[in-house]
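Welcome, and please open the structure in your viewer. We will take a short walk through it, one selection at a time.

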Amino acid sequence: MKLKSIGLAFILFLTLSSQAQRGHRTPNTNDTIASKYAPSTLFSTTFYTDKGNEFHSANGEPGLKYWQNRADYQLKATIDTVTKTLIASENLSYTNNSPDALQYLWLQLDQNTYKKDARSNFYTGSAPKANQHTDGYQFESVEIVQNGKTEKADYVITDTRMQLRLPVALNPNGGKISILIKYHYTIPSSAFGGRTDYSDTKNGKMYEIAQWFPRMCVYDDSHGWDTLPFLGSGEFYLEYGDVDYTVTVPWDMLVAGSGELLNPAEVLTAKQINRLAAARNSDKTVMIRTADEVNNPSSRPVHTGTLTWHFKMYNTRDVAFGTSKAYIWDAARMNLPGGKKSLAMSVYPVESIGDTAWSRATEYLKRSVEYFSSKWFVYPYPVAINEAGEAGGMEYPGITFDSPRATKGDLFGLIAHEIGHNWFPMIVGSDERRYAWMDEGLNTFIDIYATDVFNKGEYAPKRDGEYAPKGGNPADEIIPTIADPDAITIMTAADGVTEKYRHPITYYKTAFGLVLLREQILGKDRFDYAFQKLYT
């Protein structure tokens, strides 16, 4: 039992006790006042009363008639670097496994959050300047293919959502429909401060492309259609499926994308293919493209026109990618339980080189994924990627966007945290827009132990808040929130959490509570056994 944890538990106890005592005494006197403590109210919602149903068993496991809809995507994207525009086509195959006939469908249109009249501008209270807005999605065509018939879709767009009104209801229990979309949008600048952008380096622009295609909203047995708008704070809840996509860019640009690269012979040099093969068998980082090769045309297989990169990712809820001619590229093998192997890769500009900086990024990524895989659940994807860019601190399946300026323990903590999101919520599949603590809080909790074990505790301990000073006391973040009578509850929807409480509630309070539960209340064995059941 760790003395530091004992001390933290004691601090928490004293704080709660002193807070309760304030209800019994008038300040600066010995006169007592009536207590407002009502046990029946305090504990009224703590116990699970649902006996389960045919879809969800009472123990939390899927019931006999559990179902989940499916969305498979075929995408073709081109980056126009002159106009900074993404031009794309989408073939979305949607399967309705629910017992309900669906009269209409809903899609998410996250790029519309960058429009001048987007609801998110008013929600955040910090609308971008006039020259930082985009026009959002611009649709050339939207069609549906249903029962063998192709026709123009009847749709309505409201902010970041599209409703498709079907001429014939989509059949339950396996009914299928295809949605064909051609569209383009202006890629927002990093000055916007969003999750997808382009930014400058001395060797060219870096593009971080995320939330870039219309995605199906979830239809489930808990809420029906999940049509909560994208406001920028609440994150994602998405259907699973396979995503097959191509990205066409100028010949001198590299692309790092979610999933597996299917056509390396077309977009890489023979030297790079050989280096990648070496990296797949190396525990040490192998350079795929060095700093000296960044501006050397010989590091590309052709010297004119464009190249099309082809990726595919199985059983995923999303994909994202980065592209730049400024990338240095390195990689190393990841050793996973059961003899499985995967590849860790990093792409970053020359400005980020350094033994205390991104030259160790792949090492950090490799060790984080290996630890999370051995401790909780085996990483399911063939590749994990760090991409350096100004959206730094964002996660998507198989790829993270991390700050190019982060160094030392800050860089390790950033990489471990963002790739940790592949466990929460990418694998578990929780609803981030409703339950932020199930996303950021659970992930911050597993980060703590990744930091403890990395390189014999090189950057440990992480018992402080994610952004608190190294070595700080968790109480510095948690106790003021616990003592705050205006603090929100942990179950507050993500978009209902103000910035004041976002980190203390959704990140730190969750993680701190789980540490106490694991190390003081249940013990590691019982806690770990139960926690692992989230995945199985």
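Start with a sheet. Six strands make up an open sheet of mixed pairing, in the order S17-S20-S21-S22-S24-S23. Strands here are DSSP runs of type E with at least two residues, helices are runs of H or I with at least four residues, and both are numbered from the N terminus. Two strands pair if DSSP finds at least two bridges between them. At the edges you will find strand S17 (286–289) and strand S23 (394–396), each pairing on one side only. From one strand to the next, the twist averages 20°.

Before going on, a word on what you see. This is a predicted model, in which local features need pLDDT of at least 70, side-chain atom pairs count only at pLDDT 80 or more, and totals for chains, interfaces and linings use all residues. Residues are numbered from 1 along each chain as its sequence is written, and side-chain values use heavy atoms, leaving out hydrogens and water.

Now select S17 and strand S20 (residues 328–335): they run antiparallel and are joined by three bridges. Which residue of S20 is the bridge partner of Met287? Asp330 is that partner.

Next, add helix H5 (residues 270–279), which lies across S17, S20 and strand S21 (341–348) and runs at about 155° to S17. Helix H6 (residues 361–375) lies across S20, S21 and strand S22 (383–388), at about 25° to S20. Angles run from 0 to 180 degrees between N-to-C directions, with axes fitted to C-alpha atoms, for helices over the stretch in contact.

In the loop between S21 and H6, pick Ser352. Is Ser352 buried or exposed? Ser352 is buried, because its relative accessible area is 2%; buried means under 20%, exposed over 50%, and partly exposed in between, with a 1.4 Å probe and protein chains only. Apart from neighbours within four places in sequence, Ser352 is in contact (heavy atoms within 4.5 Å) with Ala357, Trp358, Ser359 and Pro404. Ser403 is 51 residues away along the chain, yet its C-alpha atom is 9.3 Å from that of Ser352.

Salt bridges come next. Side chains of opposite charge can pair when their charged atoms come close. The whole structure has 21 salt bridges, each a side-chain nitrogen of Lys or Arg within 4 Å of a carboxyl oxygen of Asp or Glu. Select Arg317 and Glu432: their closest N and O atoms are 2.5 Å apart. This pair links distant parts of the chain, with Arg317 in the loop between strand S18 (306–316) and strand S19 (321–324), and Glu432 in the loop between helix H8 (422–427) and helix H9 (440–453), 115 residues apart. Both Arg317 and Glu432 are buried.

Back at H6, Lys375 forms a salt bridge with Asp528, the closest N and O atoms being 2.8 Å apart. Asp528 sits in helix H12 (residues 524–532), 153 residues from Lys375. You can also highlight Asp283, Arg333, Lys366 and Glu370, which are linked in a network of salt bridges.

For a last stop, select the other open sheet, whose eight strands follow the order S5-S4-S8-S2-S1-S14-S18-S16 with mixed pairing. Strand S5 (149–152) and strand S16 (260–261) each have a single partner strand, so one side of each lacks a neighbour in the sheet. Within the sheet, strand S2 (residues 85–96) and strand S8 (residues 175–186) run antiparallel, joined by twelve bridges. Look there for Tyr94, which stands opposite Ile177 in S8.
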